[in-house]
Amino acid sequence: MLVGRDASRLERIAADLRIRGATEVRCVVRDLSHVNDLQPWMDALWSEWNGLDLCLVAQGTLPDTKRCESDIDYAKSVLELNADACLLLLLALAARFEAQASGQLLALGSVAGDRGRAGNYVYGAAKAALATLMSGLEQRLAPRGVQVLTIKPGWVDTPMTAAFRKGPLWASAEKVARDIVRTSLRGRSGVVYSPAFWRPIAWVVRMLPGWLFRRWRF
Amino acid sequence: MSVEVRCWAGLPTAHHERIDWSGSPASLPETAGSLLPRGAGRSYGDVCLNPGGSLIDTRWTDRYVAFDPETGVLRCESGLRLGTLLAHLRPLGWTLPVVPGTRWVTVGGALANDVHGKNHRHAGSFGHHVRAIHLLRSDGSLDRLAPGEDRFTATIGGLGLTGLVTEVALQLRRRSGMWLQEHASHARGLDRVLSELDTASAQHEYAAVWLDMTQPDPERLFGLLLAADPIEGGGDASGFARPARIGVGRLPRLPLVGRLSTRVFNAVYRRLAARHPGSRRVDERSCLFTLDSIGDWNRLYGSSGLRQYQCVLPLGTAPGGMEALCRVLSDSRVTCSLAVLKRFGDQRPAGMLSFPREGFTLAMDFPNDEERLLVLFRRLDAIVLEAGGAVYPAKDAHMSRELFRAAFTRTDEFAAHVDPRFSSGFWRRVGA
């Protein structure tokens, strides 16, 4: 089941997935930034599909941090999409998964959420909120047989990051996709960095003392 | 965004605006300079470069559109790589009738260079199996073109200059299994090599000769003939989409291929090959995509890169012409690190600028050695010109305007279909 805003693009993705081996693909057109009547929509989905086994929450945009600083309306729309909408969707899904006592709940976080940096902290704040919520859901749901997994990609070469100069730390979208599939098949809960070398990097960034962090603008 | 872009052979890096093409909205981006579509960047020379202009990067438009399991016609976007396609379609019992020596090229790139494989005599070139294309031009038109239309023929082998191909319909061929039955034999002397390749390419689906060009004397030339036919059996097709286990992409560009290493490699390879003639079962991947077993192998040539010289000589002039090529190479004392000989069949070319034509085609790789190599290439060009042959644009970085015009006789007709906003380093050098 694919959920998104643009029906024709969803249809193209669906056609592609069918040839790649998906036995059944259905498209649901919905703007996930609208959080109204999330509950009835979810009820309808659940009865139509008779429950879901795995959900990957991957919506998001990469905002212009400078613009967020001066244009509060823009910042509001950014946070609504990257934080509010994701968090509420995850909460609604969590209730469903808890009731069926099985399934996998996956969400895309980011290394940007591990520590706010001047260049990217609005996006980072939204991803930090998501990671915190997922951590709570993990503690709540893992004992009930639901896998809760946060994937934190590093820098990934995708259309979202088209404007960035790429270096050796950049990973391909295929590599991250393979990591997501592999860890979800393993059935573990927790946090996974992709590629794995971001875990020590993120740890060092979190551990940097404030005086060094303030001076060393990376 | 302005980026430095290299081609496969590693010509000096050139500055480009790179535009990620997402497929929607279906109109070409506004830019100050000229445009050139780019797929995997596997072309050796400047057909995939547009210095000072823009490159439309098609790698995000790599989706399947539809597949008809009755007819075997696949519609897909042009950024899809052949290896991905094989990994998904093989399990359904279908394959590409023509594949080049690497599976990492895109469908759009294979079409724009009208690539060929080791089975040209039986299957023709890639363009012979294209049933339709969607072509987006700078005047805003998005047309579906089919074989028989002039603009279609211009776009096959059209080096990306006639517009952006957004979607392609390909006729696939039925095939189950992953194995090939390979027959290895060796021959000494250019005449023997040519006649044995001629016979083998008629009898077997795939045929190619590895030549030991460290000793290019025509009388003593050593050739290892590999011919192969598809057979049933063998399992997993997912390997087609997997990158090589050994990759040198993250290593520094050390010039490991040189005079000495080539001599050692050729001597060892020759002895091993001579020891095991006969027939055996091999995996199709290792046979058709031999060089794909080392990821980013072009980096083994160091930061100055490599150059490839690939020409085709018509049947009539091939024996004399090939002999002359060998003698010139022998005189030049330049190291040829890899040489492969194939036979092209007599099919009508699929595109106006298609390279394959009936005869023998010789591809030679050289560590880049700018000045001496250029002198050698000019002498080789003279032989090719006299023999009525052609040099392959996809591999070229030196060809003169005169040779291009003489070898590609439909250039003027083709030029009328070039999109006014499209150009490439190659086209400015030899065509426009």
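**View 1. Salt bridges across a predicted model.** Welcome to this structure: counted over all chains, there are 41 salt bridges. Please keep in mind that the model is predicted. Side chains of opposite charge can pair when their charged atoms come close. The next views visit some of these pairs, beginning in chain A.

**View 2. A:Arg96 and A:Asp43 form a salt bridge between two helices.** The closest N and O atoms of A:Arg96 and A:Asp43 are 2.1 Å apart. A:Arg96 belongs to helix α4 (residues 72-100) of chain A, while A:Asp43 belongs to helix α2 (residues 38-49) of chain A. The two residues are 53 residues apart, and their pair links distant parts of the chain. A:Arg96 is partly exposed, at 24% relative accessibility, and A:Asp43 is also classed as partly exposed, at 33%.

**View 3. Chain B meets chain A.** Here 20 residues of chain B are in contact with 17 residues of chain A. About 1,600 Å² is buried between the two chains, with 51% of it on carbon and sulfur atoms. The interface holds 2 salt bridges, and one to look for joins B:Arg59 to A:Asp157, with 2.9 Å from N to O. Polar contacts between chain B and chain A come to 4 residue pairs. On the side of chain B that touches chain A, at least two residues each come from β5 (64-68), β6 (73-77) and α1 (82-89) of chain B. The most come from β5(B), which gives 4 residues. Sorted by class, this side of chain B has 9 nonpolar, 4 polar and 7 charged residues.

**View 4. A network of salt bridges includes residues of both chains.** The members are A:Asp157, B:Arg18, B:Asp20, B:Asp57 and B:Arg59. Within the network, B:Arg18 and B:Asp57 form a salt bridge, their closest N and O atoms 3.5 Å apart. B:Arg18 sits in strand β2 (residues 14-20) of chain B and B:Asp57 in strand β4 (residues 54-57) of chain B, so their pairing ties together parts that are 39 residues apart in sequence. B:Arg18 is partly exposed, with a relative accessible area of 21%, whereas B:Asp57 is buried at 7%.

**View 5. B:Asp292 and B:Arg103 join two loops of chain B.** The side chains of B:Asp292 and B:Arg103 meet in a salt bridge of 3.6 Å, N to O. B:Asp292 lies in the loop between α7 (284-288) and β17 (294-295), and B:Arg103 in the loop between β7 (94-95) and α2 (107-112), so the pair ties together parts of chain B that are 189 residues apart in sequence. B:Asp292 is buried, at 4% relative accessibility, and B:Arg103 is buried at 4% too.

**View 6. An open sheet of 8 strands in chain B.** Follow the strands in the order β16-β12-β14-β13-β19-β20-β18-β21, with antiparallel pairing. At the edges are β16 (278-283) and β21 (390-391) of chain B, each pairing on one side only. Strands β12 (residues 179-188) and β14 (residues 222-231) of chain B are joined by 10 bridges; in β14(B), B:Leu224 is the bridge partner of B:His186.

**View 7. B:Arg307 in strand β18 of chain B.** B:Arg307 counts as buried, at 8% relative accessibility. A polar atom of its side chain lies 3.4 Å from the backbone oxygen of B:Ala9. Beyond its neighbours within four places in sequence, B:Arg307 has contacts that include B:Gly10, B:Met364, B:Phe377 and B:Ala397.

Note on methods: Residues are numbered from 1 along each chain as its sequence is written. Chains are lettered from A and ligands numbered from 1 in the order in which they are written. This is a predicted model: local features need pLDDT of at least 70, side-chain atom pairs count only at pLDDT 80 or more; totals for chains, interfaces and linings use all residues. Side-chain values use heavy atoms; hydrogens and water are left out. Contact means heavy atoms within 4.5 Å. Buried area is the accessible area (1.4 Å probe) that two parts lose on being put together, summed over both. A salt bridge is a side-chain nitrogen of Lys or Arg within 4 Å of a carboxyl oxygen of Asp or Glu. A polar contact is a pair of N or O atoms within 3.5 Å; within protein, one must be able to donate a hydrogen and the other to accept it, and residues adjacent in sequence count only if both atoms are side-chain atoms. Ala, Val, Leu, Ile, Met, Phe, Trp, Tyr, Cys and Pro count as nonpolar, Asp, Glu, Lys and Arg as charged, and the others, Gly among them, as polar. Buried means under 20% relative accessible area, exposed over 50%, partly exposed in between (1.4 Å probe, protein chains only). Two strands pair if DSSP finds at least two bridges between them.
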